[in-house]
Amino acid sequence: MEFNPIVKGLEDVYEKMVSEQRLNRNDGLHLLQTTNILGLGYLANERKRAMTGDQVFFNNNAHINYSNVCKVRCGLCAFGKDLGDKGSYTMSIEEVVAKAGGFADQGVTELHIVGGIHPDLPFSYYLNMITKIKERAPQVSLKAFTASDYDFFAQMENLPVIEILKMFQEAGLSFISGGGAENFSSRVREIICPGKLSGERWLEIHGMAHQLGIPTNANVLYGLLETDEELIDHLLALRNQQDATKGFYALIPTAFHPKNTKFEEVTPASALRTLKVIAVARLILDNFRYIKAYWISSSPQVAQMALSFGANDLDGVVREEKIYHTAGATSPQMQSEQQLIRLIHEAGLVAVERDTYYNVRKTIRP
């Protein structure tokens, strides 16, 4: 039996890492296309260990999707409905606040609040929603809306986006989600979400949030129509934005789920592709501290494997997720805190409950 060195075929990248050189586009493509999966995982895991050791983070969070009515109706989305469609809904502010209050009473520390681009709701609905949730649950962090929403609000009110962001910041907004990023390629966006803001505009809005001291996350969608080059270019664009404004906390790689979308014929991304994307993201994004293994998108089992491929965050408890499940996700709607801790401990890692800003609430060792 002959044992090959684990980094065989990846020596160039390994040497760059040892000498602390930044990886480039060609390095990213080489890593994404390698068949040395364990070598890729090893390199990504070592980069992760250098950043956060054996810690894997999770939080006690909940999702609220206030409406599925959306006038944009991206082809990639199974969640959105037209006004009046069967199954369409819009919660009143009182219903949203009651749900938020119920979650807060259960000990939730973060609310993730997103919905469709509604054609009829006034701007005051969104602003009052944040204000009243914060009044009902002042201890809870509010991660609300996406760059697409803030762009829409600015158009609705005929105000610069930065002024809209200031209004929400004053109302109690803590954080902005990474949604709407998909893939920054104009070719891909023209096919999958032609009515959505451009990749450049998404980056610009997140940069404005960072300037105001509002942290954000970033997403990357994979497993739809993107080429390897487009995926790497997306990661490099995020890295450049982070160099400039330094406000991103985590990247959330999300696998495309085709059921009930215009792309039902697409074969979902394999577990191997998921592990590759997470590992490559960890190696390219040297200025992002956290890479999520989003168990709703990939399944708890694949997310657990990703903890050995560069991921250091399992998102959280979630409690109620609708967007991925309307697209055929078969993952559970919720993972209990104990289930998340078990996934982490089985991988030989240290479970850390965090708040929205990655402050440690408690550490649970195996």
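What follows is a set of questions and answers about helices, contacts and a few single residues in this structure.

Me: Before we start, what sort of model is this, and how are residues numbered?
Reply: Side-chain values use heavy atoms, with hydrogens and water left out, and residues are numbered from 1 along each chain as its sequence is written. Local features need pLDDT of at least 70, side-chain atom pairs count only at pLDDT 80 or more, and totals for chains, interfaces and linings use all residues, since this is a predicted model.

Me: OK, helices then. At what angle do the axes of H2 and H11 cross?
Reply: Helices here are DSSP runs (H or I, at least four residues), strands are E runs of at least two, and both are numbered from the N terminus. Axes are lines fitted to C-alpha atoms, for helices over the stretch in contact, and angles run from 0 to 180 degrees between N-to-C directions. H2 covers residues 25–33 and H11 covers residues 271–284; their axes come within 9 Å and cross at roughly 155 degrees.

Me: Is H2 roughly parallel or roughly antiparallel to H11?
Reply: Angles under 35 degrees count as roughly parallel, over 145 as roughly antiparallel, 65 to 115 as roughly perpendicular and the rest as oblique. The crossing is at roughly 155 degrees, so H2 and H11 are roughly antiparallel.

Me: How do the residues of the contact of H2 with H11 divide into nonpolar, polar and charged?
Reply: Contact means heavy atoms within 4.5 Å. On the H2 side we have Gly28, Leu31, Leu32 and Gln33, and they meet Arg273, Lys276, Val277, Val280, Leu283 and Ile284 in H11. Ala, Val, Leu, Ile, Met, Phe, Trp, Tyr, Cys and Pro count as nonpolar, Asp, Glu, Lys and Arg as charged, and the others, Gly among them, as polar. That sorts the contact into six nonpolar, two polar and two charged.

Me: How many of the 14 residues of H11 are buried?
Reply: Buried means under 20% relative accessible area, exposed over 50%, and partly exposed in between (1.4 Å probe, protein chains only). Among the buried residues of H11 are Leu275, Ile278 and Ala281. H11 is mostly covered, and the buried count is twelve.

Me: What does H3 pack against?
Reply: H3 runs over residues 37–52 and reaches 22 Å from its first C-alpha to its last, close to the 22 Å expected at 1.5 Å a residue (the expected span is 1.5 Å times one less than the number of residues). Its buried residues include Ile37, Leu40, Leu43 and Met51. They pack against H1, H2, strand S1, H11 and strand S7.

Me: And which elements do the buried residues of H5 pack against?
Reply: H5 has 14 residues, 123–136, and reaches 20 Å from its first C-alpha to its last. Phe123, Tyr125, Tyr126, Leu127, Met129, Ile130 and Ile133 are the buried ones. They pack against H4, strand S3, strand S4, H6 and H7.

Me: Is H6 roughly parallel or roughly perpendicular to H7?
Reply: The axes of H6 and H7 come within 9 Å and cross at roughly 105 degrees. So the pair is roughly perpendicular.

Me: Which residues of H7 does H6 meet?
Reply: The residues in this contact divide into seven nonpolar, no polar and two charged. From H6 come Tyr150, Asp151, Phe153, Ala154 and Glu157, and they meet Val161, Ile164, Leu165 and Phe168 in H7.

Me: Which residues does Ile205 touch, leaving aside its neighbours within four places in sequence?
Reply: Ile205 sits in H9 and counts as buried, at 1% relative accessibility. Asp151 is 54 residues away in sequence, yet the C-alpha atoms are 7.8 Å apart in space. With those neighbours left aside, Ile205 is in contact with Ala147, Tyr150, Asp151, Val161, Leu165 and Leu197.

Me: What is phi of Arg73?
Reply: Most residues other than glycine have a negative phi. Arg73 lies in the loop between strand S2 and H4, and counts as partly exposed at 32% relative accessibility. Its phi is positive, near 55 degrees.

Me: Is Glu182 buried or exposed?
Reply: Glu182 is in the loop between H7 and H8, and its phi is a positive value near 45 degrees. With a relative accessible area of 11%, Glu182 is buried.
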